[in-house]
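Biologist: I am new to this structure, and I would like a close look at how its helices pack against one another. Please take me through that part slowly and explain the terms as you go.

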Amino acid sequence: MENVFCADIGTSSLKTAVIDSQGTVVEYSRIIFEKTEEHREATVWLSALKSATDEIFSKKKDCRIDAICISGNGPTVVGGNGETLLWNSSLPNDCTRAFLSASLFIPRLYAFKKMFPDAWNGNSSIYSGPEYLIHLLTGNDMTILPEERFTEAYWTEDSLDEADLKDGFSKLPKFTSPTSLAGKLTEEIAGYISHAENGLVSGLPVYCGAPDFVAALVGTGTLSPGKLCDRAGSSEGLNLCTAEKINAAGIRTLPSIIPGLWNASILLPDTGTRFSEYKKRLEEFEGHPFTYDEAVHETIFNDGIDAIYDQGKYMMLETAMKVRDGFGVLRNAVAGTSTVFPDEFTIAGGQAGNQEWIKMKCDVTGMKAKIPTCHDAELMGDAIFAFTGAGCYKDIVEASEKLCTFEGLMQGAFLA
């Protein structure tokens, strides 16, 4: 197998890439989702996938793919007709009792049942986000469970019963694992996408990815104790792989995809969103658009008297200090355990492409930053899942060691 078409469903866009057997990103595309009615977001995912293939293969006409792999945001819940309750959607007040569950999904399933009774009571399955797109591609139903210990964070028949969702057990597809063969591209979808010359034909294998944060940890090699990843997009997650389960205030601990290991994380919910909002205000103030790199550069180096730049610089420094403080919480939490806190972190997501912001973070945190060659690490994780599922590697650890590469190690430069 030579090339995998990787797709990750984000909150506002679909990121895709063709990644080859050496871990090289052959071509990349990011498609902003079309505007839809609220709670109908999943209805545009397939058309976004087609747009991504159109864009990629217009640039790489001779590129041929051998498999597809899908990951995406969660815990998102989708009905058979595209009814969507995104991972970050507000839940109705009468759903609060479902939060007594340790599950990430049960509160949203409870809310979905209340908000979309026709979809819940219909004959279709209820999906998580990436599994809905996989269903559209293959016609098959499944729920991707990253590792057996994630069952508590998903659901059991008993936990659904306790939340008055017993009737949902038969609607939720059975668990399967990342790297599993989800099915094969249907003739109908292959005709719709219409890139047979590039390998998008009926029968093309489609592999299971994982929830996006799991895919990103795989795609950055955060798979052994002491590996630390800052996944920075609309929100920001600080993730430390640990040998022991960490129980500490402010930290959410979930199993690692690697049996026996754990992932201790701290969520910074809106750091990227706040910068995007600032960028819009800056464009309005200056009267012309900025790229993200331009907005970061002008904000850091502007020495004028315009208050908006000071506001932006303060916001960036505040974000870096939140990261520093989050690292401090994780460092203290593993003190005295067998997990050694590192002196460097891997940064993935949108910020991985901006060296000036990374250097500011390095200054503020006092740590070095590794930059993956594939900034959108979820896509590299997808490639690792597919190549492993196809038998090219014995497991995801070996595949990650072979395919994950880095641009280098960065240090701070701006602040004393």
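Modeller: What follows describes two helix pairs and then, more briefly, a pocket.

This is a predicted model, in which local features need pLDDT of at least 70 and side-chain atom pairs count only at pLDDT 80 or more, while totals for chains, interfaces and linings use all residues. Residues are numbered from 1 along each chain as its sequence is written, and side-chain values use heavy atoms, with hydrogens and water left out.

Two packed helices are described by the angle between their axes and the distance between the axes. Helices (H or I, at least four residues) and strands (E, at least two) are DSSP runs numbered from the N terminus. The axes are lines fitted to C-alpha atoms, for helices over the stretch in contact, and the angles run from 0 to 180 degrees between N-to-C directions.

Helix α7, residues 212-219, packs with helix α12, residues 377-389, at an angle of about 80°, and their axes are 7 Å apart. That angle makes α7 roughly perpendicular to α12, a label given to angles of 65 to 115 degrees, whereas those under 35 count as roughly parallel, those over 145 as roughly antiparallel and the rest as oblique. From α7 the contact (heavy atoms within 4.5 Å) takes D212, A215, A216, V218 and G219, and from α12 it takes A377, E378, M380, G381, D382, I384 and F385. By class, these residues divide into seven nonpolar, two polar and three charged, where Ala, Val, Leu, Ile, Met, Phe, Trp, Tyr, Cys and Pro count as nonpolar, Asp, Glu, Lys and Arg as charged, and the others, Gly among them, as polar.

The other pair is made of helix α8, residues 271-286, and helix α9, residues 292-301, which pack at an angle of about 80° with their axes 11 Å apart. That makes α8 roughly perpendicular to α9. On the α8 side the contact is made by F275, S276, Y278, K279 and L282, and on the α9 side by Y292, A295, V296 and T299. The residues of this contact divide into six nonpolar, two polar and one charged.

Turning to the pocket, β16 (344-349) and α13 (396-403) each supply at least two residues of the lining of the second largest pocket. The lining of that pocket has seven nonpolar, seven polar and four charged residues.
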